[in-house]
Amino acid sequence: MEQQLPNNNSKLSLVDGGQTAPKPVTTSPTLSAEDLVSRLPGVLQTTLVLEELLPLFEQQLRQVMHFDSFHYQHLPLNCQIDSDSQRHHRCHYKLDMNGQYLGDLTLTRRHKFTETQIALLEDLLCQLVYPLRNCLLYKQAQNSALLDDLTGLGNRAAYDKSLQREIDLAQRQQADLSLIILDIDNFKAINDAYGHSSGDRALKTLAETINQTMRRSDMAFRFGGEEFVLLLSNTDLEAAAIVAERLRLAVSETLCHDGKRGFGFTVSLGVAQLDGEEHGYHLFERADMALYQAKHRGRNTAVCAPPTQQD
């Protein structure tokens, strides 16, 4: 059913997956429902971080209601939170406030939810939607601050943040991590021959080709000017070289249109794999040196940096 939330024009779409009669469920609430309804707004206003708000809401909800799993997803923001595997009986809500999509929230358990529990849950969801909307707006603002306006890829700030995180993860898990630097060959000549708007079109086309070519686990950034960086987690040098060559070939076969005419361009690439405990700037320098060698060899090629010497 679809139900109108009081006072805020938000919609709840409820789906109960249970087909059998309700069975008694033993719960041990640590808080009365009335107390939670009164205190919840103050609790939820303590954070603007979506990944903190939803576990906080789940924690408070578990004090008055038994359920086995808690699930939230907001696909446009690439956000998904799952506390456990789903059970047969579920309450599913599509959260919407004044036409703004706030995500999908699902609770599941082995037995049906009672009408009293559903009513309580919907009262509590009414108190969640405003803090949830604020967290989503904050997350959108953060995401925008980490995107390059022209290409839609991550910007330099996003690269710096992601590189350190991926290095820490790779070193902690003793996993492979590779980095690819690429830039457009003779980019100044494109601007001189076709104009700066065509240069921008070339950058956008390259970003689109990167998105179409890279794997789901890869991360792409516009580092600056016509230079781009890819981070490849769980990828050794040999596999990264294959990714680089596939991207080089895809770009060389792409025709760029500026609205008046078409033109092609190529890229050169430098590839390096993280060695042991090396720092991010050293990994970047080795890939950058490999890129310089690719340019020196005539452009439109990919060069792999040799591993560093380990004692």
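## Close-up views of a predicted model

**View 1. Glycine 199 and the residues around it.** Leaving out anything up to four places away in sequence, glycine 199 touches Phe187, Ile190 and Asn191. This is a predicted model, so read each view below as a look at a prediction. Glycine 199 sits in helix H6, which covers residues 196–213. Is glycine 199 buried or exposed? It counts as buried, because its relative accessibility is 0%, and the cut-off for buried is under 20%. If you go looking for cysteine 256, you'll find its C-alpha 9.9 Å from that of glycine 199, although 57 residues separate the two in sequence.

**View 2. Asparagine 211, also in helix H6.** Stay with H6 and move along to asparagine 211, which has its place in this helix. With 43% relative accessibility, asparagine 211 counts as partly exposed; that label goes to values between the 20% and 50% cut-offs. Leucine 247 is 36 residues away along the chain, and the C-alpha atoms of the two are separated by 9.9 Å.

**View 3. The whole protein, for orientation.** Before the next close-ups, here's the overall picture. The protein has 311 residues, and 47% of them count as buried. Its elements are eight helices and 14 strands. Take the contacts between residues at least 6 apart in sequence: 66% of them join residues at least 24 apart. The accessible surface comes to about 16,100 Å², with 48% of it belonging to carbon and sulfur atoms.

**View 4. The largest nonpolar core.** In soluble globular proteins, nonpolar side chains tend to be buried together. Here the largest nonpolar core has 35 residues, and the members touching the most other members are Phe57, Leu61, Tyr72, Leu105 and Leu132. Which elements each supply at least two residues of this core? On the helix side they are H1 (33–44), H2 (50–61) and H3 (115–145); on the strand side they are S4 (69–74), S5 (79–82), S6 (89–97) and S7 (100–109). H3 gives the most, with ten residues. There is also a second, separate core of 26 residues, and Leu182, Ile190, Phe263 and Leu269 are among them.

**View 5. Tyrosine 72 up close.** What does tyrosine 72 touch, not counting residues up to four places away in sequence? The list starts with Leu50 and Leu54, then runs through Cys79, Gln80 and Ile81. It goes on with Leu102, Gly103, Asp104 and Leu105, and ends with Leu132 and Leu136. Tyr72 is one of the five core members that touch the most others, alongside Leu105 and Leu132.

**View 6. Glutamine 60 in helix H2.** Glutamine 60 has its place in H2. At 5% relative accessibility, this glutamine counts as buried. Skip its neighbours within four places in sequence and glutamine 60 is in contact with Leu36, Arg39, Leu40 and Val43.

**View 7. The largest pocket.** Rolling a probe the size of a water molecule over the atoms shows where empty space is left. The largest pocket holds about 1,000 Å³ of space. Of the 30 residues lining it, Leu77, Asn78, Asn143, Leu146 and Leu147 are the closest to its centre. Two or more lining residues come from each of H2, H3, helix H4 (156–173) and strand S9 (219–224). H3 gives the most to this lining, with five residues.

**View 8. Two positive phi values in one loop.** Have a look at the loop between helix H8 (280–296) and strand S14 (302–304), where arginine 299 is found. Asparagine 300 has its place in the loop between H8 and S14 too. Arginine 299 has a phi near 70 degrees, a positive value in a residue other than glycine. For asparagine 300, which is not a glycine either, phi is positive at about 55 degrees. Arginine 299 counts as partly exposed at 38% relative accessibility, and asparagine 300 is partly exposed with a relative accessible area of 28%.

**View 9. Two cysteines, and no disulfides.** How many disulfides does the structure hold? Zero. Cysteine 135 counts as buried because its relative accessibility is 0%. Cysteine 304, at 34% relative accessibility, counts as partly exposed.

Note on methods:
Residues numbered from 1 in each chain as written. Predicted model: local features only at pLDDT ≥ 70, side-chain atom pairs only at ≥ 80, totals over all residues. Heavy atoms only, no water. Disulfide = S-S within 2.5 Å. Buried < 20%, exposed > 50% of the residue type's maximum accessible area, 1.4 Å probe, protein only. Helix = DSSP H or I, 4+ residues; strand = E, 2+ residues; numbered from the N terminus. Contact = heavy atoms within 4.5 Å. Areas by Shrake-Rupley, 256 points an atom, 1.4 Å probe, with all protein chains shown as cover. Core = buried A, V, L, I, M, F, W, Y, C linked by side-chain atoms within 4.5 Å. 1 Å grid on protein atoms, 1.4 Å probe; cavity = no way out; pocket = protein on both sides within 12 Å on 5 of 7 lines; lining within 4 Å. Points joined across faces, edges and corners; volume = space filled by probe spheres on them.
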